[in-house]
Amino acid sequence: MEDTNDHRLTFQGTDRYYLDPELKSIVNIALAMEKPLLLTGEAGTGKTQLALEVARALDLPIEIMRAKSTIKGEEACYTQDTVLRLNDARFGSGQTGRQVQNFYDYVVWGPIGRAFRADAKVVLLLDEIDKTESDVQDNLLDILEDCSFVIREVNEIVRARVRPAIFITSNAKRELSDPFLRRCYCHHIAFPRPEQMREIVKLHYPAIPPELIEAALTIFYELRNRGFEKPPATSELLNWIGALELTNEIPDKDNPPLIGTLLKRSSDIQAHRKGGRRRHFM
Amino acid sequence: MFFTDFLYLLRDYGVPVSPRDALDLYRGLGKGLVRTLEDFFVLARLTFVRKVEHLDAFERAFALYFYGVDVPRVAEGDMELFRTKQFREWLAEAIRAGEVPRTALWTMDPQELMRKFWETVRRQMEAHDGGNRWIGTGGTSPFGHSGFAQRGVRVHGEGGNRSALKVIGDRRYISYSETNTLKAENLRQALEEMKRLKREGARDELDLAETVRLTCKNGGDIELALNRELRDRISLVLMIDNGGFSMYPYIDITRLLFSRMKYRFKDLTTCFFHNTIYGNVWTDQQRTVPLKTEKILERPEDTRLVIVGDASMAPEELETPGGAISFGVSDELPSTYWLKRLADRFRQSVWLNPISREEWEDAYGTWTLTKIREIFHMEDLTLRGIKAMVKRLSEK
């Protein structure tokens, strides 16, 4: 494996993504230490987006594994198209150039396989890892740590030429195993503070008058604090402000317009109409 | 090896650190990743903290070790503050310095007293913040002058980041902390824990694939394989102490926690009592509809019992026959008699106490609290307490 330290990569954020300075250090430490970075946090805190932006800013290709509960670790590395091979064996491979006796002609590489076989550094994103079963996570762990996996059918090892920059996201639907956590750097992205949120909104809507942003943020954070079942998150705020931009009216604090873009559960909307769901415990 | 005592401090604060982490930290230092204390803060946090519930503890340990600022584990505005060691120490110091009257605890408005305390913490933080200087040479840290300076790590001013101490001052992760009392912010996490509450049922579900396999192996003679049904649900009795001001903040949140989980229970009965349990409990919050404790004792043995209360009262309420203080409750038998019978009948029972474990030894009600602990298994009403409770209630 090449040592990539000489040309160290540093991530500075991009024009589309508001990067908290602390998060910047974290990303850069993880890049320098070549450790997988596990990002957790509420929906809408930009976990997945971060990996995409790192790839874009550093001009690296990205491989993405979107986890499903049915995924087995192996298919993230490779699968063998047995049916195609059987078909070719029976009816011939024609003009395709495939050779039935050549195993590799029938291998379909998964995102991990492609990342390991790449000639240069890539960003590897394992999205929503918590959806997988815990033994799958443990299998992936060894693969990621050694940066290699075995192709069982031919007993050959695929080893990464350049260690990829690995990002993992989790919505913490299920707790990840301790060994898994031990081998990653883990960062919990806290919900953006109002001043950070202002920056995020400005990135998305540069033309909006500041009074409107301020009024919207005040209402937004007040709503978040009321203890609704599903408190509004960043994406709801951005949609809401987008809608407000069209009306171009400063929202009324006591009766915010288009409340349905912020609150999604009908019980929450009803509670809001009654002026309710204050935090009565505490 | 330096920083060793920082590692031990982290362990004391409940952050599990391993030698492997320490080596990782040195590898990071060796790569020249740390130029400022802020960088070090981020690197150390990445290296040592895996779970969000440990983040607040890490930040407090860091503030204590590197800045000599001892931040209590409670959030600003939380009345729990009065039970912390930091508050007691501060109060003693403030009285000595004449900043507050000797009778402050009785004569001053609690809000005012809390405000004064947090002001001091903030002042300490500001005094340490920013600038180009050696860190860790002042303050009241038990580590005294042994901060960064003497170990030969030069700390140059601030990097591009907000300073570590400012970040710590935000207490961004306090609501996730596992020693934090249950409240709206961490309810979701507590619910995740509660979802683990289940019991395996009898083996009465046919495992078809395994049956086929076993039957083949058996030469065609049918061999049945059965699985446990996992959805067997449990009955739970929840008893809440709703007497007394001290319990108010916890009543709604506890009921909410259990009622959200209702679909997991075969049935859930909630009843109320004042301070401790005698021959009657009540099924409504106003305590007008009584329910005989005897009736509850008739329930099947595998019923789970969760009692929520601060277990703090006058000793005679617990031990004297007829010791109840509420009007209309007269009972020939002491409360301990009933508590013991409940604990004997329902082996899988837990007493949840909103007073955190750290304060049990010197809370106002320590005497009765200790007595009750001899009868019931007690946990505190925090994430870690709920975790332990779930484990206990799920056991066979």
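# Why these labels apply: a dialogue on a predicted model

Tutor: The largest nonpolar core has 77 residues, and those with the most contacts inside it are Leu37(A), Val123(A), Ile168(A), Phe58(B) and Phe62(B). Helix H4 (residues 55–67) of chain B gives the most to this core, with ten residues. A second, separate core of 39 residues includes Val281(B), Ile307(B), Phe346(B) and Trp351(B). This is a predicted model, in which local features need pLDDT of at least 70 and side-chain atom pairs count only at pLDDT 80 or more, while totals for chains, interfaces and linings use all residues. Residues are numbered from 1 along each chain as its sequence is written, and chains are lettered from A and ligands numbered from 1 in the order in which they are written.

Student: What makes a set of residues a nonpolar core?

Tutor: Its members are buried Ala, Val, Leu, Ile, Met, Phe, Trp, Tyr and Cys residues joined through C-beta atoms within 7 Å.

Student: Why is Asn275(B) called buried or exposed?

Tutor: A residue is buried if 20 or more other C-beta atoms, placed from the backbone, lie within 10 Å of its own, exposed if 12 or fewer, and partly exposed in between. Asn275(B) has 26 such neighbours and therefore counts as buried. Asn275(B) is found in the loop between strand E4 (265–273) and strand E5 (280–282) of chain B; helices (H or I, at least four residues) and strands (E, at least two) are DSSP runs, numbered from the N terminus.

Student: Why is Asp119(A) placed in its class, buried or exposed?

Tutor: Asp119(A) has 7 C-beta neighbours inside 10 Å, so the residue counts as exposed. Asp119(A) lies in the loop between helix H5 (111–117) and strand E5 (123–127) of chain A.

Student: Which class does Leu258(A) receive, and why?

Tutor: Because Leu258(A) has 13 C-beta neighbours inside 10 Å, this residue counts as partly exposed. Leu258(A) also has a positive phi of about 55° although it is not a glycine. Most residues other than glycine have a negative phi.

Student: How do you know that the buried residues of H15(B) lie on the same side?

Tutor: In helix H15 (residues 366–375) of chain B, Thr368(B), Leu369(B) and Ile372(B) are buried. They cover an arc of only 105° around the axis, so they lie on the same side of H15(B); the arc is that of the directions from the helix axis to the C-beta atoms.

Student: What makes E2(A) and E5(A) a strand pair?

Tutor: Two strands pair if DSSP finds at least two bridges between them. Five bridges join E2(A) to E5(A), which run parallel. The bridge partner of Glu63(A) in E5(A) is Leu124(A).
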